[in-house]
Amino acid sequence: MIADLNLIWPEIILAVGAMVTLMIGVYLGDRRVALYQISTMVTLAAAIAAVATIFGTEATAFSGTVAVDNFGNFAKILIYAASLVCIVIAPRFFEKGMKAEYPVLVVLAALGMGIMVSSRDMMTLYIGLELNSLAAYVLASFMRNDDRSSEAGLKYFVLGALASGMLLYGISLLYGFSGSTQFNEIAAALASDVSRGELFGLIFVLAGLAFKISAVPFHMWTPDVYEGAPTPVTAFFASAPKVAAMALMTRVAIDAMGPALGAWQQIVIFLALASIILGAVGAIGQKNIKRLLAYSSINNVGFMLIGLAAGTQAGVEAILTYLVVYLVTTLGAFLVVLQLTDKDGNRVESIPALAGLSSSRPGLAAAMAVFLFSLAGIPPLFGFWPKYLVFEAAVAADLVPLAVAGIVASVIGAYYYIAVIKTMYFDDKSDVQITGQGTLIDNAMLAASAVWLCVIGYLFIPVLGTVSTSAASVLF
């Protein structure tokens, strides 16, 4: 038991940190919001440091139900870092509405996500997923006086419950026909022959996980929840949970269902193409910047799934690199959205209201242009690199038609990104005057993200390649 506990120090740190902060909040109330913020930031930073100390370790804990390996550690660092950023940027948005519960819920969600990406058993997977989901439902409806926030939380809860039911049904089928919930034993059962019951179990498990990554046709919650949830919460949903769900789906597909590649590859190809196409087409008519970023996330998930459809180590490496670049780009875009306020302090989310932003806030417009061009994968911005990697992996796996379809669909997706840039730079100035200013920390993160995507990112290719190879090789 002691040996097992020594392997899960990051999770222990998060659990203890969340409980301590919550207890302090009970006694001090909402008068010391900055204290709770600092406490949870220190907790997440300590968890990142703990993960760094066990990087390179390959072991299992608790009778093989939890894996401690580079794949899980890679995902955890991204999850905890994104969660930390989402706590840093929150107070200025909530102002007097900031409460102790917000940073605690983010830490508890991060704890659940850490368990998700380390799971090697279906029961552990479900525990981590539900811990993350329960915190996320509350975060979505955090603004109790805002009807949109309440609606977002309710929609997320109802559809999330449906997805959980599908996932549990799939797990029960896999358990019934393979005789185990552990990934290695499920893989051994699938290696001999895939029965009809196992095939249905596999389909339902993938459907439940597809909801978490908002892949089509399980994407219906994403635009409404992204629009209705408070912007820091939307930034959180678009970053950390996306990394966790994508890493989890990759581990389940390769580790537990790897021998049945022929059975699930067609499903993933459909999810990839449908997400890319609908994410691109659905975004064209959007007038709300948060809804547009929701469709952008659906579109980008489709490109990641191309790497998963390849079913190779190169495909998984491409997914991990994609997640790093996507995380930086998405958080940067939401840092811009947080500064979109008028002279009365009202939030500006309408895309037509951004007309003339290049003249009133040139730095903000330039940063947003960088993030949008990067999301579109337009060279020489760094967002081009992960798209190239997933297409290369698909071609190497003899999925040339999938790669061609993805490239063609990416051209469609570029249209709505460029349309926003055209609004900011070439349309007549809007009557709405955007005067919002970021804090020093916000502006520093914004500038660092934009510069990294413009120039510096390419210098990190050798490092990203080495780390992603080390992480992906664990699954093979």
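This section describes a helix pair, the internal cavities and a salt bridge in a predicted model.

The packing of helix H12 (residues 231-256) with helix H15 (residues 313-338) was examined first by its geometry. Two packed helices are described by the angle between their axes and the distance between the axes. The axes of H12 and H15 come within 9 Å and cross at roughly 170°. Because angles over 145 degrees count as roughly antiparallel, H12 is classed as roughly antiparallel to H15. On the H12 side, the contact is made by Thr-231, Pro-232, Thr-234, Ala-235, Ala-238, Ser-239, Ala-240, Lys-242, Val-243, Met-246, Thr-250 and Ile-254. The residues of H15 that they meet are Val-316, Ile-319, Leu-323, Tyr-326, Leu-327, Thr-330, Leu-331, Phe-334, Val-337 and Leu-338. By residue class, this contact comprises 16 nonpolar, 5 polar and 1 charged.

Both helices also contribute to the walls of internal cavities. The structure holds 4 cavities of 30 Å³ or more. The largest cavity has a volume of about 100 Å³, and its lining consists of Met-116, Asn-132, Tyr-156, Phe-211, Lys-212, Trp-221, Tyr-226, Phe-237, Pro-241, Lys-242 and Ala-245. Two or more lining residues are supplied by each of helix H10 (196-212) and H12. H12 gives the most, with 4 residues. Lys-242 of H12 thus appears both in the contact with H15 and in the lining of the largest cavity. The lining of the largest cavity divides into 8 nonpolar, 1 polar and 2 charged residues.

The second largest cavity encloses about 60 Å³ of space. Its lining is formed by Asn-300, Tyr-322, Val-325, Tyr-326, Thr-329, Ser-374, Leu-375, Gly-383, Pro-386 and Lys-387. The elements that give two or more residues to this lining are H15, helix H17 (362-376) and helix H18 (384-396), and the largest share, 4 residues, comes from H15. Tyr-326 of H15 is found in the contact with H12 and also lines the second largest cavity. The residues around the second largest cavity divide into 5 nonpolar, 4 polar and 1 charged.

Charged side chains were considered last. The structure holds 10 salt bridges. One of them joins Glu-349 to Arg-148, with the closest N and O atoms 3.5 Å apart. Glu-349 lies in the loop between H15 and helix H16 (357-360), whereas Arg-148 belongs to helix H8 (residues 147-178), so the pair ties together parts that are 201 residues apart in sequence.

Key:
Residues numbered from 1 in each chain as written. Predicted model: local features only at pLDDT ≥ 70, side-chain atom pairs only at ≥ 80, totals over all residues. Heavy atoms only, no water. Axes fitted to C-alpha atoms, helices over the stretch in contact; angles between N-to-C directions. Parallel < 35°, antiparallel > 145°, perpendicular 65-115°, else oblique. Contact = heavy atoms within 4.5 Å. Nonpolar A, V, L, I, M, F, W, Y, C, P; charged D, E, K, R; others polar. 1 Å grid on protein atoms, 1.4 Å probe; cavity = no way out; pocket = protein on both sides within 12 Å on 5 of 7 lines; lining within 4 Å. Points joined across faces, edges and corners; volume = space filled by probe spheres on them. Salt bridge = Lys/Arg side-chain N within 4 Å of Asp/Glu carboxyl O.
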